[in-house]
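Dear colleague,

I am handing over the structure we spoke about, and what I found in it follows below. Please keep the coordinates open while you read.

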Amino acid sequence: AGARHAAASEPRAACRLFSAAELKEKPDMSRFPVEDIRNFSIIAHVDHGKSTLADRLLELTGTIDKTKKNKQVLDKLQVERERGITVKAQTASLFYSFGGKQYLLNLIDTPGHVDFSYEVSRSLSACQGVLLVVDANEGIQAQTVANFFLAFEAQLSVIPVINKIDLKNADPERVGKQIEKVFDIPSEECIKISAKLGTNVDSVLQAVIERIPPPKVHRENPLKALVFDSTFDQYRGVIANIALFDGVVSKGDKIVSAHTKKAYEVNEVGILNPNEQPTHKLYAGQVGFLIAGMKDVTEAQIGDTLYLHNHPVEPLPGFKSAKPMVFAGVYPIDQSEYNNLKSAIEKLTLNDSSVTVHRDSSLALGAGWRLGFLGLLHMEVFNQRLEQEYNASVILTTPTVPYKAVLSSAKLIKARRAIQKNMTFIDENRVMLKYLFPLNEIVVDFYDSLKSLSSGYASFDYEDAGYQTAELVKMDILLNGNMVEELVTVVHREKAYTVGKSICERLKESLPRQLYEIAIQAAVGSKVIARETVKAYRKNVLAKCYGGDITRKMKLLKRQSEGKKKLRKIGNIEIPKDAFIKVLKTQPNK
């Protein structure tokens, strides 16, 4: 593309999109042959410095100006800024000159928390290698191991990077030995850096070029592109992040979705730098974005294959659907907001496809959804994003996990609440324990308790191990003998009393007093295991008796108690919505 405008005539932006050597107009992506392209991700345990390293790489390549304000530039969501964690994988195309050639480096910064591992696995599909960042102080932690094996299974080149060598207690030699023992990568291959100070970061870019292979693609073949992420823009529709495996795509091309078989005309293609930068074309081996007039959120499926009209191709394998670990009911605070909330959930699940959505309804809270999340933090972040990005206020009910019930003879099975499977000493200071846990034991506050007990040193990761038989019981909540369907729950027999007592206490605090006594009971089968009582309002019927015979007073009291007994039989206990919300909502630890 020719430079029609002089560079000096353009106003200087705070965030420069290209290095000085780049043209200010749409860049010509054909200048980068396949052998000069490297696609890589940064993976690590949470808080090991992935996003800080990404900032330094963006600065080194001239993608952004070097200022002290550059802190987690790729963490664009408000929730990421507030919590200081990466939630969404973000892509940036870097231009880097090395050995007399200019290379195109496509960087994907990924989350480190276990709840967002689906983001990591999706991102790796667009890469040929990874930077495995390990904290020089903390060493290998749970997500370091989990993310390494995601990359290993995808057969990607792994470059170990030991970060935070500037810290007082940093011990990069010990961490290097850990990496060699656990991952079988020679410790001399580790690159020791300080991302915060920028120490030795340039050697990371050189290692990316030397150790990560270029993508294996064919530009002469028909277009074959993988949709590995997408967002929804209310004006432009779906913006798809794509990795091109074959062919070329440009504005005006007619493309087809392998999933829906619908055809679209491409309105815009480009690269992320890290903001959107339109280009004339995208070529096989490159990573970028595509807008093609998809107005409905259901049209852009993550894992979909796009191809040229009249040139069908074999679809790419796509992604394994994520297995939800925590379930919660989500309901609008007011039923008049149902359609707005439905639209918000659809748009947000387009951007976060690991959330499973099923329609649900509650007699207490009305129509809503049963959402499946990968963990508690995932659930909290999703709720926060609904409020911040779509201004939607919701009622979030207590997390539950799915059970499978088999109807058979009443055979009692001894339940095991945790079984130790393995114990491995990583080094003299660190041990890795493998346990088989019922999901219900870890789903609410296990991780928080573990962090508290170990002063933050212990780390935790889990994966689905299938269903196992256990001694589970159905617990009913009764109000004056009438079952409340909305509060029926499945619990382990050993924990039935604790859970039942807690629900009864919360109901007692929430229910308004009546003119008659309310008995709140938790029952397993016909056996009541916990009870709380809401005392009745009591009129002083003896107020008009000044002295006189005791039998007169007893007669008045007896008539009052009989009236209350009758009221209790015919009185309908209306449970206010606020009471349900207080009982069903996630409870902080007391």
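Which residues form one aromatic cluster together with Phe148? Please bear in mind that this is a predicted model. The answer is Phe149, Phe152 and Phe183, which join Phe148 in one aromatic cluster.

A search of the whole structure finds 8 aromatic pairs. One of them is the edge-to-face pair of Phe149 and Phe152, whose ring centres lie 6.3 Å apart and whose planes make an angle of 85°; it counts as edge-to-face because the angle is over 60 degrees. Both residues belong to helix H4 (residues 142-153), and because they are 3 residues apart there, about one helical turn separates them. Phe149 is partly exposed, with a relative accessible area of 35%, whereas Phe152 counts as exposed at 53% relative accessibility.

Another aromatic pair consists of Tyr338 and Trp369, which are stacked, with 4.7 Å from centre to centre and 10° between the planes. This pair links distant parts of the chain, since Tyr338 sits in helix H7 (residues 338-351) and Trp369 in strand E19 (residues 366-373), 31 residues apart. Are these two rings buried or exposed? Tyr338 is buried, with a relative accessible area of 16%, and Trp369 is buried as well, with a relative accessible area of 3%; both count as buried because their values are under 20%.

The strand that carries Trp369 leads on to the sheet. Strand E19 is one of 4 strands that form an open sheet in the order E18-E19-E17-E20, with antiparallel pairing. At the edges are strand E18 (356-362) and strand E20 (394-396), each of which pairs on one side only. On average, and with direction ignored, neighbouring strands of this sheet are turned by 30° against each other.

As for the pairing of E20, this strand and strand E17 (residues 326-332) run in the antiparallel sense and are joined over 3 bridges. Within this part of the sheet, Pro332 stands opposite Val394 in E20.

Helix H7 packs on the sheet and touches E17, E18, E19 and E20, while its direction makes about 15° with that of E19. The stacked pair of Tyr338 and Trp369 may be a useful place to begin looking at this region, as Tyr338 lies in H7 and Trp369 in E19.

With best regards

Terms used. Residues numbered from 1 in each chain as written. Predicted model: local features only at pLDDT ≥ 70, side-chain atom pairs only at ≥ 80, totals over all residues. Heavy atoms only, no water. Phe/Tyr/Trp six-rings, centres within 6.5 Å; stacked < 30°, edge-to-face > 60°. Helix = DSSP H or I, 4+ residues; strand = E, 2+ residues; numbered from the N terminus. Buried < 20%, exposed > 50% of the residue type's maximum accessible area, 1.4 Å probe, protein only. Pairing = 2+ DSSP bridges. Axes fitted to C-alpha atoms, helices over the stretch in contact; angles between N-to-C directions. Contact = heavy atoms within 4.5 Å.
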